[in-house]
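Reader: Hey, I've just opened this one and could use a quick tour. Mind if I throw some questions at you?

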Amino acid sequence: MPFKELQLIKPLLKAIAEQNYDAPTPVQEQTIPLVLAKKDVITTAQTGTGKTAAFALPILQMLFHKQDAGKKGKKVKALIVSPTRELAIQIYESFKVYGKYTNLRTTVVYGGTSIEPQKDVLNKGVDIVVATPGRLLDLHKQDVINLDFIETLVLDEADLMLDMGFIDDVRKIERLCPVEKQILLFSATMPMKVVQLANTILKEPETVNATPSSSAAQNVEQSLFYVHKQHKMELCLFLLRNNIEGNIIIFRRTKMGIAKLEKMLKGNGYKVDSIHGDKTQNDREKALDNFKDGKINILIATDVAARGIDIDNLDAVINFDIPNISETYVHRIGRTGRAGNSGKSFSFCSADEKPYIKGIQQLLNTVIPVEENHPYVLDPKAKREVHKTPGKSKNKPGRKSEASKKNKKRWY
Ligand code: AMP
């Protein structure tokens, strides 16, 4: 289906053509008509499915005819709430790209950075605001932003928003907007708490489901490496030297794990940076910019730090640690093989991570091919390691030695 059939107006079609998009993605095809029909919509879709355009395009279209008030007369009519600054910036950039041939003004506000410049932009008048919850409420409290004229409210990455503890803020923001409004809720997964939120604030919502399992498996060549925990670093180096090239994200579970791996890779001459929760906003942005600009080609990240970040042209994803939540695996590998390109994923599984692989394969309804052509193969039957104290005790387990009994001092 071409974009034209979605009844989009010319200024938007022109901007889309400049992006070289051939056709709407499934999530766009299903969501855009519902949004244009002013329905409340719940869309289950992960990053990489084109979900941002699925709300940005119809919002720009609905506001297009109301855009020509002088700057000062502009009222905020669309509000997009996003859990992280990186994601908020990315959404803002998408609005700018798609709205290039409109006079609509969009801005982005987020915490961790000076509030004054954000106030200045808001005071000048904007149509669309992309915001993280805390900063938005701050600005509202300071009377810098008026939400009385909101026509469409988007809650993006709702599951992550609730995981990050923003439920009260989200409810507050919803109440600050007029009762009569359209709400669009986007979420990568639909846990009960998201369903409950949707049930209480959306009105007769339509649902769109872009299931991640099929889309993740389609364009990504997945491979699984059984490897001893202590050999993962070597395996990583081996693959970088022999099998993997291009732009790569390596996922690790902990910040400490990231630091170790980063040091090792840098020591071996690789161009690496990392993003995780302990890094300052500035450092994270710098790492992302360096990655996008090609100054580095390996980014090491935790799931939360990387969630929602749109990075184009990713050639490979390495799951250095296997995620314990199956959907996370789908999110991670979904970062490669986007929009028709093929990508690769390499997953390192130690003995104690095997149960996670089982869950992932069940979710994907497929078996991930095991790669044994490497020097660090772990016996597939290896059991999880149990830490034993070296040397065997000559006493029966649970029994004290005679000597120890004799030495025992009683407190009474
Ligand atoms: P998102 O899921 O919104 O993060 O989008 C993921 C990526 O897909 C972004 O880089 C978009 O520029 C790109 N994209 C969005 N819509 C399309 C489309 N219809 N065709 C090709 N690429 C698209």
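**Ligand and strands**

Author: Sure. Keep in mind that this is a predicted model. Let's start with the ligand: one of its oxygen atoms is 2.8 Å from a polar backbone atom of G50.

Reader: OK, and how much of the ligand's accessible area does the protein cover?

Author: On its own the ligand has 500 Å² of accessible area, and the protein covers 84% of that.

Reader: Which residues come nearest to it?

Author: There are 15 residues around the ligand, and the nearest are Y21, Q28, G48, G50 and T52. With T52, an N or O atom in the side chain sits 2.6 Å from a ligand oxygen atom.

Reader: What about a nitrogen atom of the ligand, what lies 2.8 Å from that?

Author: That's A23, through a backbone N or O atom.

Reader: How does the shell split by class?

Author: Seven residues are polar, five are nonpolar and three are charged.

Reader: And which domains does the shell draw from?

Author: Domain 1 (3-209) and domain 2 (215-364) each supply at least three residues.

Reader: Switching topic: why is strand β13 largely enclosed?

Author: Strand β13 covers residues 343-349, and six of its seven residues are buried, so the rest of the structure largely encloses it.

Reader: Which strands are joined to it, then?

Author: Strand β8 (residues 220-226) runs parallel to β13, with seven bridges joining them. Strand β12 (residues 316-319) is parallel to β13 too, through four bridges.

Reader: What stands opposite F346 in β13?

Author: S223 does, and I318 also stands opposite F346.

Terms used: Residues are numbered from 1 along each chain as its sequence is written. This is a predicted model: local features need pLDDT of at least 70, side-chain atom pairs count only at pLDDT 80 or more; totals for chains, interfaces and linings use all residues. Side-chain values use heavy atoms; hydrogens and water are left out. A residue is near a molecule or strand if one of its heavy atoms lies within 4 Å of it. A polar contact is a pair of N or O atoms within 3.5 Å; within protein, one must be able to donate a hydrogen and the other to accept it, and residues adjacent in sequence count only if both atoms are side-chain atoms. Accessible areas come from the Shrake-Rupley method with a 1.4 Å probe; for residues, only the protein chains shown count as cover. Ala, Val, Leu, Ile, Met, Phe, Trp, Tyr, Cys and Pro count as nonpolar, Asp, Glu, Lys and Arg as charged, and the others, Gly among them, as polar. Domain bounds come from an automatic or database domain assignment. Buried means under 20% relative accessible area, exposed over 50%, partly exposed in between (1.4 Å probe, protein chains only). Helices (H or I, at least four residues) and strands (E, at least two) are DSSP runs, numbered from the N terminus. Two strands pair if DSSP finds at least two bridges between them.
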